[in-house]
Structure formats: structure tokens, C-alpha cells
Amino acid sequence: MSVQYRPVVPGIKRFKILVIKIIFIVLGRAFQSASQHDEEIKKEISSWRNGFTLLMKVMPDGPYMGLEKRDNMLEFKGSKLKKADLEIYFRNVESAFMIMTPQMGSHQAFAERRMSIKGDLNIATAFTRTLVIVMSTLYPEFIVKRLVKRVPPLTFKRFGLRIWLYTIGILLGR
Amino acid sequence: MLPSYYEFHNPVKIVSGNKALDNLPSEFETLGAKRPMVITDKGVSGAGLTKIFIDSFASSGMTIGAIFDDVPPDSSSEVVEKITSIFRQNKCDSLVALGGGSVIDTAKGVNILVTENSDDLLEFSGAEMLKKPMKPLVVIPTTSGTGSEVTVVAVISDVKRNLKMAFTSTHLLPDIALLDPRMTLTLPPKMTAATAMDAMSHAVEAYINLQKNPMSDAYAVAAIELIRKNVLKAVSDGNNSEVRLAMANASTMAGIAFSNSMVGVVHALGHAAGGICHIPHGVAMNIFLPFGLEYNMPKCRENIAKLLLPIAGADVYARTPEPRRAEQMIHYLIELRKALNDLCGLPINLKQAGVTEDHLPEIAQAAMNDPSLIMNPREMDVNDALVILKKAFE
């Protein structure tokens, strides 16, 4: 009996892609909101030109999360952007899921080449610091400790920002 | 302990040894290239190295497409564009970089433009912006320090737009790194010392930072040991071919190590100090290295301690109690700096290098956006940077 060889089409990781999409929305709105209130983020993005775009993309075909600097804040562009001035790639769905859930910090992810950068490396370095601020505002210290090299101090202002993000910021991006 | 995950990549063929240069025509034949263009600088030509290069092609049946020997000390996009047009006019098909860091970066820049058929380098600035395999590139280092002959990086200034463009891509890796001791024999003592400490900083930072892996560790340790055994001889007896070849190998090994595990705060501060106060890169590395290690000690004491073996030798390592090895490693590094300072006047602090104290805050601020910080074990903020700079000042 002859053996039949046919092309194999692997499935789609629907659950993980859905989780990543949801976290991208939460993170994008958190960035939009935090960039209006957090002084350190404002300082980090102050030197970026108006209209500067940034994209987080899971390789090879998304999901995507875009941000654009407008009027000294980062505006969440959802998945509208497909190209940007600075693009941060997650190498595959598994890597993105691990980083977004958050089981792994960005420094570790860069070290393990699960994330890579296309564009200006100086701005990318500044962006990783803003990411640390947003993550440490969103998550409690026992989680953040595993994700970052140094946990930023949870000042009274930043604690207020955490409450703001969970009540208004993430819902409305304000 | 093995990292939970790592990658290591080095496809560069190393051609090393006595009269290695004479094998270059056959290497080009293997690469399928017939008309290489040589990129070098006046210093290299003046030292007679270009002539040695041309002589190595005698009776090979190959034609050298063109020789450009006017690369400035800081590679610029204008020079890259000029060389690109010469490459095209002379129908060259491959490149030779004969020189130090600036020449090698310039050759990588030219390779980007001729491969991508473009006239604007800025389009390709950043990480992983290059998609096409490049033209064959052979690098013949005339200094032993940058490691550029085996790295994925090039830095080129755009004078018109006042930008420093960084390029990182695996496509930038040369095909061949050719190490011939004749190419470094004429390097002056102070530059020999500075470039050696640049190589030392590559190996040490590669060994302690977040992307370290067993492969990069092996190259880093071997490089440090070679530098320890040969650097003082290379500075005091520059005509010693054996020692020069050892230093060239150390530099290449350190380059392979850091190209796979990146560098850290020492380089971030060195790039910033170089940009603002124009300190030569090797001098900056020599100044900052012990202070960078002290700063990182709380996060990687064990790794620093392990480096006592290659930097001080087996006897010292064996008789030093384990809890004191990290401090002793830094001590031996400082002793090496002192010896180099005595031998050739290599500066050991920022004041000696001509930096004034009022520049320190600006250097600290500039260091904060250096991508080298991403892989550093400890998160450095601007206040930490200023503390390190003050320690390194005098």
C-alpha cells in the first residue's frame, strides 16, 4: 500500500492571540493615560518628534499595538498602524504570550532574543524605561520584581496613577 | 549554570597567522569575488601596510578595483557616499577594510549602500533594517581592540543632519577576519594599550551582562587571558610578531563574545564621554572599566569573581579565598591599568584624559539612552551614572 504525503497546515493559537490582543488594548490605553499624568514618562518622550510612531508587533502577522506621539502624549492607535518609526517585534506568539501575561520582563526577553527592535536604538532604550514604569504601575510589586532590574518606587503620585489607570485610564485612555 | 535560553551566531571565517595576507586572493576566489575595493586611511598607507597588501596580490591574477585611503578618524556618511560612487564607477564586486574601527565601520556602510543600491544610509539606520545578503567583505584589522571584524554593528555620523547612526544586523558580519601580525606591528604603544583595554572591556562586559551564554563566556575568558599574558609585552616591544598576533586574536575573541552578549554601563558611559568630550574610545574603556564592575558587583559578584582566573592566573586564583575573588579581580585590573599608565601614559581617570568636571552631568544624561544599558545587569539611572563619573574623574 502506498503512503500518501500531503501538506500539513498547522492550526492557529486562537486563545493566546486573543489574550495578547486584550493585553495590547489594556497596555495601549495605559500608555496613553500614563503619558498624560506621569512626569517621568512625559520627560522620556519629550525629545521624540511630534508624530513619532511606535509599533509592537507579534511576528509574523500580528497582533499589533500602535502608539503615536501627539501633543506631548502617546496616543493609542490600536491595530491601525502596520509600520512605524520604531518597531518592537515579538518573535512569535509564544514569546509575546510569555511577556504579556507577564511571565518574563522586557530585559530578559531582549537577552533571549524573544523581542527585537527595528529603528532608532536610543529611542528604544528610552521606551523600555517607559514600559517599566507602566508595568510597575499596573502590576503589584511581587510580580514587577520578577520583570524589571530595579522596581521604580511606588510614590504616592504613582499609587494614585495606578488607581486612575484601573478606574478611568484603561477604560477611556484619559 | 546554563541560561534558560540563548543564541550564539558567528559565521565569520578567521584567517590568522604569519603571512595570512598572502592567502587573501584564494579566499576571494572562494567567495566568488574578482575585483575587490580597498578602504583604508592615510595612517595605514603611511605605515606601508597598503603596500604589503598590494604585494600579497602579486601573481594572483586578480585586480584590485580601487584603493580609497582617506577615511577620517570618525566615519561619516559623506565619506561612505563618496566611496560608494568609486565602488560603482570601478565596477568592484567586493570590499576590503584595512584599518581600525572607523575604516571597518565605513566599509560596512559602503556595503549597505552598494548592496541596497541606495544613496541614503539613514534609511537603514537601526536594528535589523537590512534584509539582503551583502557583498563579500574581508576585514583586516590594523588595531587590536574594536573587534569590529566579527561584530554585527557599525556606527556612522551623518554630519549634515547632526546624527550618529547605529546599524545592527547579522548581514553586517564580514565574511572573513584576517589577522596578520604585520598589520599591527607599527601601532604606537599608547594606542596599543588603549585598544587592548577596549578589547578587555568587551570581554569583561560580555562575561557579566544579561545576555551572557556559555559560548560567549568561552571567548571572553580566552580573550582576557591572552590580553593579560601579552598586553604589557605588546606595549613595550611592539615589534614582537608573536605578541601582536596574540593581541589580534584576543581582540577578535572579545569581539565575538560581545557581539553575542552585548556590552553594558562601561560602554554606555564611554560612548557618552566620547561624544561630548572626544575621549578616544579605548581610553574611556580603560578609565570606566573598574568603576563599571564595582557598580555592577551587587548583581553579578560571582561572575566578576570567576574572571580573577583569566586576569590574574591560576596561582592567584587558587590562593584567593572565594569571598574575596571579585574584589581581587578589580584590584588586578587596576594594577594592569597602573602598569600601562607607567609604560605609555594611558590615562586612568577623566581628568588625565582632559575632561572637565562641569561636563559630568551632560555625560551622565547622554549615557541614559545608550542601548548598551539594556543588557547591563543593574538598572542605571542618571544619579548612578553621575556617581560613577565622579569616581572616575580623579
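The following legends describe close-up views of a predicted model with chains A and B.

**View 1. The interface of chain A and chain B.**
Chain A brings 20 residues to the contact, and chain B brings 29 residues. Together the two chains bury about 2200 Å² between them, and carbon and sulfur atoms account for 50% of that area. On the side of chain A, the residues that lose the most area to chain B are A:Arg113, A:Lys149 and A:Arg150. These three residues together make up 31% of what the chain A side buries. Three salt bridges are found across the interface of chain A and chain B.

**View 2. A salt bridge between A:Arg150 and B:Asp384.**
This view shows the side chain of A:Arg150 with the side chain of B:Asp384, joined in a salt bridge. The distance from N to O is 2.5 Å. A:Arg150 also appears in the previous view, as one of the three residues of chain A that lose the most area to chain B.

**View 3. The two domains of chain B.**
In the domain assignment, chain B is divided into domain 1, residues 13-182, and domain 2, residues 187-393. The centres of these domains, taken over C-alpha atoms, are 27 Å apart. Contact between the domains involves 15 residues of domain 1 and 18 residues of domain 2 of chain B. About 1300 Å² is buried between domain 1 and domain 2 of chain B, with 64% of it on carbon and sulfur atoms. Of the area that domain 1 buries against domain 2, 38% is supplied by B:Ser144, B:Gly145 and B:Pro181, more than by any other three residues. Zero salt bridges are found across the interface of these two domains of chain B.

**View 4. The second largest pocket.**
The second largest pocket holds about 740 Å³ of space. It is lined by 25 residues, of which B:Met1, B:Asn209, B:Leu210, B:Lys212 and B:Asn303 are the closest to its centre. Both chains take part in the lining: α4 (106-111) of chain A supplies at least two residues, as does each of α6 (189-208), α7 (214-236) and α10 (281-306) of chain B. The most is given by α10(B), with five residues. By class, the lining of this pocket has twelve nonpolar, six polar and seven charged residues.

**View 5. The largest cavity.**
The model contains five cavities of 30 Å³ or more, and the largest cavity has a volume of about 100 Å³. Among the 14 residues that line the largest cavity, A:Ile99, A:Gly105, A:Ser106, A:Leu131 and A:Met135 are the closest to its centre. In chain A, α3 (93-100) and α5 (121-138) each supply at least two residues of this lining. The largest share comes from α5(A), with three residues. Twelve of the lining residues are nonpolar and two are polar, while no charged residues are present.

**View 6. Two cis peptide bonds in chain A.**
The peptide bond from A:Met59 to A:Pro60 is cis, with omega near 0°. A:Pro60 is placed in the loop between β1 (53-58) and β2 (64-70) of chain A. A second cis peptide bond runs from A:Thr101 to A:Pro102, with omega near -10°. A:Pro102 belongs to the loop between α3 and α4 of chain A.

**View 7. The backbone at A:Asn72.**
Although A:Asn72 is not a glycine, its phi is positive, at about 60°. A:Asn72 is found in the loop between β2 and β3 (73-78) of chain A.

Technical notes
Residues are numbered from 1 along each chain as its sequence is written. Chains are lettered from A and ligands numbered from 1 in the order in which they are written. This is a predicted model: local features need pLDDT of at least 70, side-chain atom pairs count only at pLDDT 80 or more; totals for chains, interfaces and linings use all residues. Side-chain values use heavy atoms; hydrogens and water are left out. On a 1 Å grid over the protein atoms alone, a cavity is a set of points where a 1.4 Å probe fits but cannot get out, and a pocket is an open set with protein on both sides within 12 Å along at least five of seven lines; lining residues have an atom within 4 Å of a point. Grid points are joined across faces, edges and corners, and a volume is the space filled by probe spheres set on the points. Helices (H or I, at least four residues) and strands (E, at least two) are DSSP runs, numbered from the N terminus. Ala, Val, Leu, Ile, Met, Phe, Trp, Tyr, Cys and Pro count as nonpolar, Asp, Glu, Lys and Arg as charged, and the others, Gly among them, as polar. Domain bounds come from an automatic or database domain assignment. Contact means heavy atoms within 4.5 Å. Buried area is the accessible area (1.4 Å probe) that two parts lose on being put together, summed over both. A salt bridge is a side-chain nitrogen of Lys or Arg within 4 Å of a carboxyl oxygen of Asp or Glu.
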